[in-house]
Amino acid sequence: MIKCLIFDLNDTLDNTNSAIIKAFKIVLKKHLPTLNQNDFQSYAQELMVFFWQSDRLADLSYPNWTMDDIIKHAVKKWYEFKKTTKNIKINAERFSRDYGSIRNDFLTIKPMMVKLIKALPSPLFKFIFSQGNSKPDIINLLHRSSLNENDFTEIISTKLFKEENKPSINILNYILRKYSLKPKECVMIGDDVCADLMPAKILGIKTILSSTYVDALSTTDLQLSTLIKKCVKK
Ligand SMILES: [Mg+2]
């Protein structure tokens, strides 16, 4: 019997990527007002990819970078990439600052997820397992989205664990031990296979992948082979 749901936060419960794109679109409109509507969308999506690249780089090599440093690096890299194909001019410093000032304005727990959390039976253990977000920031986000800390058994941020980032077997084990749960009684729900699902699966926890970036899903090599053959035939 399932007794426990463990939710990743970014882009599983919340709308991180679409919030990033919305904020970048607003800054692009200010700095490049003559762009057409399609360019705003595709440039904002590209900037989001550079943002994540920069965020990962900070995790791996520059742990002292602030969010401002991460944004500045992302915008500079995107601008270099764009300059080679398009004749656009932006002030990367000012662009980064403008983005930083509104970066969280569109962030919310997805309405469908709010509804789901509220409708879940109360004996169920419910956890948020977040990478990098501070607990006060998560609680603030819940409040802005008509949820609160009490809707969850515990909010777990990697920031509370020294030298532990996702993927983490230790943090999942912390949940199992503290609440006397068996792996087979738990489900991990996330949008990142390596960060969220891999350690859970290794421990024997069931996994659900949630992603709008997946057009086809293969969970075995045989399925993958069939899917590729179908693509090639089209
Ligand atoms: Mg995520």
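The following paragraphs go through this predicted model from its overall make-up to its sheet, its core and a few individual elements.

The protein has 10 helices and 5 strands. Its C-alpha trace spans about 60 × 50 × 35 Å along the principal axes. Of the 234 residues, 28% are buried. Among contacts with a separation of 6 or more, 64% are made by residues 24 or more positions apart.

The strands come together in an open sheet of 5, in the order E3-E2-E1-E4-E5, and the pairing is parallel. E3 and E5 are the edge strands; each has a single partner, so one side of each has no neighbour in the sheet. On average, neighbouring strands of this sheet are turned by 20 degrees against each other, direction ignored. The pairing of E1 with E2 is parallel and runs over 5 bridges. Within it, Phe7 has Ile128 of E2 as its bridge partner. In general, the strands of a sheet pair through backbone hydrogen bonds, in either a parallel or an antiparallel way.

Phe7 and Ile128 also appear in the largest nonpolar core. This core holds 45 residues, and those touching the most other members are Ile6, Phe7, Phe24, Leu47, Ala74, Phe127 and Ile128. Helix H2 (residues 16–31) gives the largest share, 7 residues. Where does the core lie with respect to domain 1 and domain 2? Domain 1 (4–14 + 108–209) and domain 2 (16–102) both contribute residues to the core, so it lies between them. As a general matter, nonpolar side chains in soluble globular proteins tend to be buried together. For Phe24, the contacts beyond its neighbours within four places in sequence are Ala44, Leu47, Met48 and Tyr99. Leu47 is thus listed twice, as a contact of Phe24 and as one of the core residues touching the most other members.

Helix H7 (residues 135–144) has one buried side. Its buried residues are Ile138, Leu141 and Leu142. They cover an arc of only 100 degrees around the axis, which places them on the same side of H7. An α-helix has 3.6 residues a turn, so residues three or four places apart point the same way. The buried residues of H7 pack against helix H1 (9–13), strand E2 (125–130) and strand E3 (154–157). The face turned away from this buried side carries the exposed residues Pro136, His143 and Arg144. Just after H7, Ser146 has a positive phi of about 65 degrees.

Helix H9 (residues 193–203) can be described in similar terms. Asp196, Leu197, Pro199 and Ala200 are buried in this helix. The buried residues of H9 pack against strand E1 (4–8), helix H8 (169–178), strand E4 (186–190) and strand E5 (206–209). H9 is followed by Gly204, which has a positive phi near 100 degrees. Strand E1 is therefore a packing partner of H9, while strand E2 is one of the packing partners of H7.

The last stop is a loop residue. Lys86 sits in the loop between helix H4 (67–83) and helix H5 (92–102). Is Lys86 buried or exposed? Lys86 counts as exposed because it has 11 C-beta neighbours inside 10 Å, and the limit for an exposed residue is 12 or fewer. Pro136, on the exposed face of H7, is 50 residues from Lys86 along the chain, and the C-alpha atoms of the two are separated by 41 Å.

Technical notes: Residues are numbered from 1 along each chain as its sequence is written. This is a predicted model: local features need pLDDT of at least 70, side-chain atom pairs count only at pLDDT 80 or more; totals for chains, interfaces and linings use all residues. A residue is buried if 20 or more other C-beta atoms lie within 10 Å of its own, exposed if 12 or fewer, and partly exposed in between; C-beta atoms are placed from the backbone. Helices (H or I, at least four residues) and strands (E, at least two) are DSSP runs, numbered from the N terminus. Two residues are in contact if their C-beta atoms, placed from the backbone, lie within 7 Å. The arc is that of the directions from the helix axis to the C-beta atoms. Two strands pair if DSSP finds at least two bridges between them. Axes are lines fitted to C-alpha atoms, for helices over the stretch in contact, and angles run from 0 to 180 degrees between N-to-C directions. A nonpolar core is a set of buried Ala, Val, Leu, Ile, Met, Phe, Trp, Tyr and Cys residues joined through C-beta atoms within 7 Å. Domain bounds come from an automatic or database domain assignment.
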